[in-house]
Structures are given as structure tokens and as C-alpha cells.
Amino acid sequence: MTGILTLNAGSSSMKFGLYRDAADPVELLHGQIDGIGTAARLILTTSEGTTATKVAAPTQADALTRVIEALTGPLADLTITGVGHRIVHGGPQFSAPVILTQDVLAALSDLRPLAPLHQPHNLAAVAVAQQAFPNAVQVGCFDTAFHRGHPWVNDTFAIPRRYYDAGIRRYGFHGLSYDYITGVIKRDHPELHQGRIIVAHLGNGASMCAIRAGRSVGSTMGFSALDGLPMGTRCGQIDPGVVLYLIEQEGLPPHEVMQMLYEGSGLLGLSGLTSDMRSLLASKQPEAQQAIDYYVFRARREVGALAAVLGGLDALVFCGGIGENAFQIRERICDDMDWLGLELDENRNRHNEEVVSSDRSRVRIFVLPTNEELMIARHVIALDQ
């Protein structure tokens, strides 16, 4: 039996999925290693349940080695013919999944400065997977690809035009998630597929995407994965003058500013407590509530902005860890938004039902679990025909 392995390597975690090769891949198991470099833990979910085990994984390469070791049993009856990798940045040139040749990998390595916390780890996982599965096709699936083809005004910045030609433009991210959700809408709600949809991918990383007729026409994220909504540890939208001030007046070196904006800001920076929304919602500390207030405010602002980009709204979809599970956040984002046609059903929302809009709501509101790993597996099979 042949199979597909998917890898989603982040700065401190690695998600993976194992699929049986089929017209539509069938998941055999999935899991992740979190706490890479500190207190790493392997979480594995199979048909028999979920287990969690401490492992030694000081680096991403070590984490992938632990994953392969954990899959020794399942791989005994399975030949891996393809490995699919989530690669955050595809730059302007990669608008679809590709087989990872040496030339492609060299081009992707050049994009490291555009995604410094993600791209190096993504590519490190490719190198280890090539050694572990030398006969398997290695496929890169890009978070930026779904957004290629934006209208020019949604791609550019108002800086000298030569920089756009040099690749400094709005790329957008979380494309694998948006691609998957768009497919679910097309399959289960075809009457909405040609319409105007905002998908809110709310997790430790967060963004929103304006989708018309199944295509991205606007995103809250821009040149980097810092822009737009506040996130677990990332700042979201910020006046570039603040960055200049921190460097010129506060004397912070650029690498410290970068570390602060990527790793010390967002919910963590605002609250001074944690980046975890569950903990913030449970906290009585005023700083926790202020962090949530800002998170909700920015989300509401972006819903309005993307509705303007679309010229109206037919559906709002919540996905991601926060979007799928934090009913309080969905409630606050949609509160008093009847001017836009949004009206939640409180009971449906609190029970995380698929449709959480009221019967009176002019805009349908959904909670749809996203599945980036399955999307990657599908792309691998499509390229390995």
C-alpha cells in the first residue's frame, strides 16, 4: 500500500499527517511535536486514541527523526511515495504547488529574509525528508500561492515602484487553510461558492481573507506574516514609524526589534501574561481583558474593511484554533454587526455548530474546521500522477 506523509514545520512545532494514497487521501493518523528546543512533546492521534510522550527534539531535524521513529509501525505496511511540505513563502514566482528540485529549493532559500521564523525550518524539514524517503517525490505547498492573482491595488505598497518589481509586495499567508475552506464551501454550500466570503483564520497566527467566486481578492496579511490582525506573539498592523523610532531613538538593533515584533508582541505583549487565548479568557487580570479587547477590535475592523473590498458580504467563516473553539470571540466579533447583515444565534454559537448565524441573518456565519495537512496531501497526489 502506498502513502503520503505531510509535514508542517514551524519555529517550535512540527505537525504531520499520514495518508493512504487514494483519489481523495484517507487519513491514517496525525500528530505534532511541540516545544521543539525546550520541553518537546509528541502528540499522536490514531483510530485508537491520542497519546502524548516527551521526546528529545532540540532542532527541527531531530523532531522529524522522532516523527519517523513514531511512525515505524504504520510505515511497515506502507510505502511513502510522496512527502508534502508546507512552505510559508513562495515569493512572486510560485503560484501553485511544485516538485522540490534543487533549483526550486535554491530559489526558496533566497526567500528566507521574507519569512525568517518559518522558511528556514520548512526547508530544514525538506532536507531531512529527502534523506529519510529518497525515492519519494517531495512537494512544496505554499501559504502565499492562494493569494497570487490579487488585483494590483491589493498587492502593492505606495513606495517607489521599483520595489514592487523587486518583490516587495503584499503576499498574504494561510493560503492552504483558505484553499481547504473554499473547497468545503464549494462542496457543501455550492450556492455560496460564487459569492462574497470572508474567511477568518484565527489561531496563534491569524489573518482574514476576502474571497470572491473562490478566489482571493484581499488579505489582512501583507509582505510578511506580521501584518494585519494581532496574533499570539506577533504584533499585527503597526505604523512603520514605530519601527523607525525603536531603532533610531530607542537604539534597539534591528534583530531585537524583529524578535519583539515576531515573538514578544500580540496577545503576549499586550497582556504581559500569555499568548494563549484560553488562558486570557479565563483570567481576571485587566491586562488580559485589554488584550482580548484589542484582538476583537482589530478583527471587527478587518471584517468591515474586507466587506468593502468585496462590495458586500454573503458569508463569514471562522476557522483555526480560536475561530473554531472560542465562542466568546466569535460572539464579540459579530456583536452589533447587523448593519452588515451579521446576526449570531447564541445557542448555536455556544455549541460550536457548523452554522452559527440566526435564521434572520442576511449573512450566513459558519464554523468550519480547517485541514491544511489534508490540503497538502491532495496537492501531492495531484502532482504525483
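## A tour of pockets and packed helices

The lining of the second largest pocket is made up of 18 nonpolar residues, three polar ones and two charged ones. That is our starting point in this predicted model, so keep your viewer open and follow along.

**Stop 1: the second largest pocket.** Select F223, S224, L226, V243 and L261: of the 23 residues that line this pocket, these lie nearest its centre. The space you are looking at has a volume of about 740 Å³. Now colour α8 (240-248) and α9 (254-263), the elements that give two or more residues to the lining. Which element gives the most? It is α9, with five residues.

**Stop 2: the cavity.** How many cavities of 30 Å³ or more does the structure hold? There is one, and the volume of this largest cavity is about 40 Å³. To find it, select I181, T182, I185, H193, I197, V199, I211 and G214, which line it. Colour α6 (175-188) and β9 (196-202) next, as these elements each give two or more residues to the lining. The biggest share comes from α6, with three residues. Nonpolar or charged: what are the residues around this cavity? Five are nonpolar, three are polar and none is charged.

**Stop 3: from α6 to α16.** Keep α6 selected and add helix α16, residues 372-383. Two numbers help with helix pairs: packed helices are described by the angle between their axes and the distance between the axes. Here the angle is about 85° and the axes are 8 Å apart. Angles of 65 to 115 degrees count as roughly perpendicular, and α6 and α16 are therefore roughly perpendicular to each other. Show the side chains where they meet: L176, S177, D179 and Y180 on the α6 side, and E372, L374, M375, I376, R378 and H379 on the α16 side. This contact mixes five nonpolar, two polar and three charged residues.

**Stop 4: α3 and α4.** Select residues 102-109 for helix α3 and residues 119-132 for helix α4. Their axes are 10 Å apart, and the packing angle is about 155°. Because angles over 145 degrees count as roughly antiparallel, α3 and α4 are roughly antiparallel to each other. The crossing of this pair is left-handed. To see the contact, pick out Q102, L105, L108 and S109 of α3, then Q119, L123, V126 and Q130 of α4. What kinds of residue make up this contact of α3 with α4? Four are nonpolar, four are polar and none is charged.

**Stop 5: α12 and α14.** For the last pair, select helix α12 (residues 286-310) and helix α14 (residues 327-334). The two axes come within 9 Å and cross at roughly 50°. That angle makes α12 and α14 oblique to each other, and the crossing of α12 past α14 is right-handed. Show I292, D293, Y295, V296, A299, R300 and V303 of α12 together with I329, R332, I333 and C334 of α14, which make the contact. Try colouring them by type: the contact of α12 with α14 has eight nonpolar residues, no polar ones and three charged ones.

Notes. Residues are numbered from 1 along each chain as its sequence is written. This is a predicted model: local features need pLDDT of at least 70, side-chain atom pairs count only at pLDDT 80 or more; totals for chains, interfaces and linings use all residues. Side-chain values use heavy atoms; hydrogens and water are left out. Axes are lines fitted to C-alpha atoms, for helices over the stretch in contact, and angles run from 0 to 180 degrees between N-to-C directions. Helices (H or I, at least four residues) and strands (E, at least two) are DSSP runs, numbered from the N terminus. Angles under 35 degrees count as roughly parallel, over 145 as roughly antiparallel, 65 to 115 as roughly perpendicular and the rest as oblique. A crossing is left-handed if the near helix is turned anticlockwise from the far one by less than a right angle, and right-handed if clockwise. Contact means heavy atoms within 4.5 Å. Ala, Val, Leu, Ile, Met, Phe, Trp, Tyr, Cys and Pro count as nonpolar, Asp, Glu, Lys and Arg as charged, and the others, Gly among them, as polar. On a 1 Å grid over the protein atoms alone, a cavity is a set of points where a 1.4 Å probe fits but cannot get out, and a pocket is an open set with protein on both sides within 12 Å along at least five of seven lines; lining residues have an atom within 4 Å of a point. Grid points are joined across faces, edges and corners, and a volume is the space filled by probe spheres set on the points.
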